[in-house]
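Visitor: I should like a close look at a single part of this structure, taken together with its surroundings. Please describe one strand and the elements that surround it.

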Amino acid sequence: MTAVERFPHRLTLVTGHYGTGKTEFAVNLALALAGEGARVSLADLDIVNPYFRSRERRPLLEAAGVRLIATSQACTDADVPALPAELHAVLEDRTVRGVLDIGGDPSGARVLARYRPKIQKEDYQLLYVVNAARPEVRTAERSVEYLRAIEAVAGLRCTGLVNNTHLCGETAPEEIREGAALAEEVSRLTGVPVLCHVAEARFQDQLRDLPLFPIEIRMKKPWE
């Protein structure tokens, strides 16, 4: 299944607990959509946690034809809670596929609340990234609690779950399957469907029974 088929909505809002790998997923999704011929803009709207930011991969994204829109454009080390005016173009231009990388907790979801009236007029999906390796959300109950808190702040309903369980360079298929079980339990408790399981392309043969979204690790630590 292609990325366009798996994620058919014009706007994809990526949320979840910080550290779940939202940005890795958002960057890979934007690149996959662009690779399939879509006009894509990736909006880096994480004004909460500066550890991994999609703007750090600006050359890669722009070379692939992805327009990057980010806060604090002039300084990549700054993290000023100011939202770019260009975001309006992404929300309003229906010829563009927009991927919005949102801050990793209910505080970060306030960005969505600010733009809720515009978002609700568009064809959008709100995705919640699940990662069973994150201590704060490794149980289904705790993960659901976070999901509901994000929904409450944003004023939008989650429409899909993405399992992105990983242990960075130590990831094995077993961890991804553990995350799949967690995602299915979250789905059972909320009624929100699991859309895919994120995994490095090298694991495809070992996880053929799962609906995979294969990725290449893009958001590496500075020393990697």
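**Strand β7 and its surroundings**

Guide: In this predicted model, β6, helix α8 (residues 173-190) and β7 form a β-α-β unit of right-handed sense. Strand β7 itself spans residues 194-200, and six of its seven residues are buried, so the strand is largely enclosed by the rest of the structure. For the protein chain as a whole, 53% of the 224 residues count as buried.

The two sides of β7 within the sheet may be taken in turn. Towards β6 (residues 160-163), the pairing is parallel and extends over three bridges; N163 has H197 of β7 as its bridge partner. Towards β8 (residues 212-215), the pairing is again in the parallel sense, here over four bridges. On that side V198 is bridged to F213 of β8, while A199 stands opposite P214 in β8.

These pairings belong to a wider arrangement. Eight strands make up an open, parallel sheet, ordered β3-β2-β4-β1-β5-β6-β7-β8. The edges are occupied by β3 (66-70) and β8, each having a single partner strand, so one side of each is left without a neighbour in the sheet. On average, and with direction ignored, neighbouring strands of this sheet are turned by 25 degrees against each other. The secondary structure of the chain amounts to eight helices and eight strands.

Two of the helices deserve attention here. Helix α7 packs on the sheet, where it touches β1 (11-16), β5 (124-130) and β6, and its direction makes about 150 degrees with that of β5. Helix α8, the connecting helix of the β-α-β unit, lies across β5, β6 and β7 and runs at about 165 degrees to β6.

The two helices also pack against each other: α7 (residues 140-154) and α8 have axes 9 Å apart, at an angle of about 60 degrees. The arrangement is therefore classed as oblique, and the crossing is right-handed. On the α7 side, the residues in contact are A140, E141, S143, V144 and R148; they meet L182, E185, V186, L189 and T190 of α8.

A last figure concerns the chain as a whole. Among contacts between residues at least 6 apart in sequence, 74% join residues at least 24 apart.

In summary, β7 is paired with β6 on one side and with β8 on the other, and α8 lies across it as well as across β5 and β6.

Note on methods
Residues are numbered from 1 along each chain as its sequence is written. This is a predicted model: local features need pLDDT of at least 70, side-chain atom pairs count only at pLDDT 80 or more; totals for chains, interfaces and linings use all residues. Side-chain values use heavy atoms; hydrogens and water are left out. Buried means under 20% relative accessible area, exposed over 50%, partly exposed in between (1.4 Å probe, protein chains only). Two strands pair if DSSP finds at least two bridges between them. A crossover is right-handed if, with the strands pointing away from the viewer, the path from the first strand over the helix to the second runs clockwise. Axes are lines fitted to C-alpha atoms, for helices over the stretch in contact, and angles run from 0 to 180 degrees between N-to-C directions. Angles under 35 degrees count as roughly parallel, over 145 as roughly antiparallel, 65 to 115 as roughly perpendicular and the rest as oblique. A crossing is left-handed if the near helix is turned anticlockwise from the far one by less than a right angle, and right-handed if clockwise. Contact means heavy atoms within 4.5 Å.
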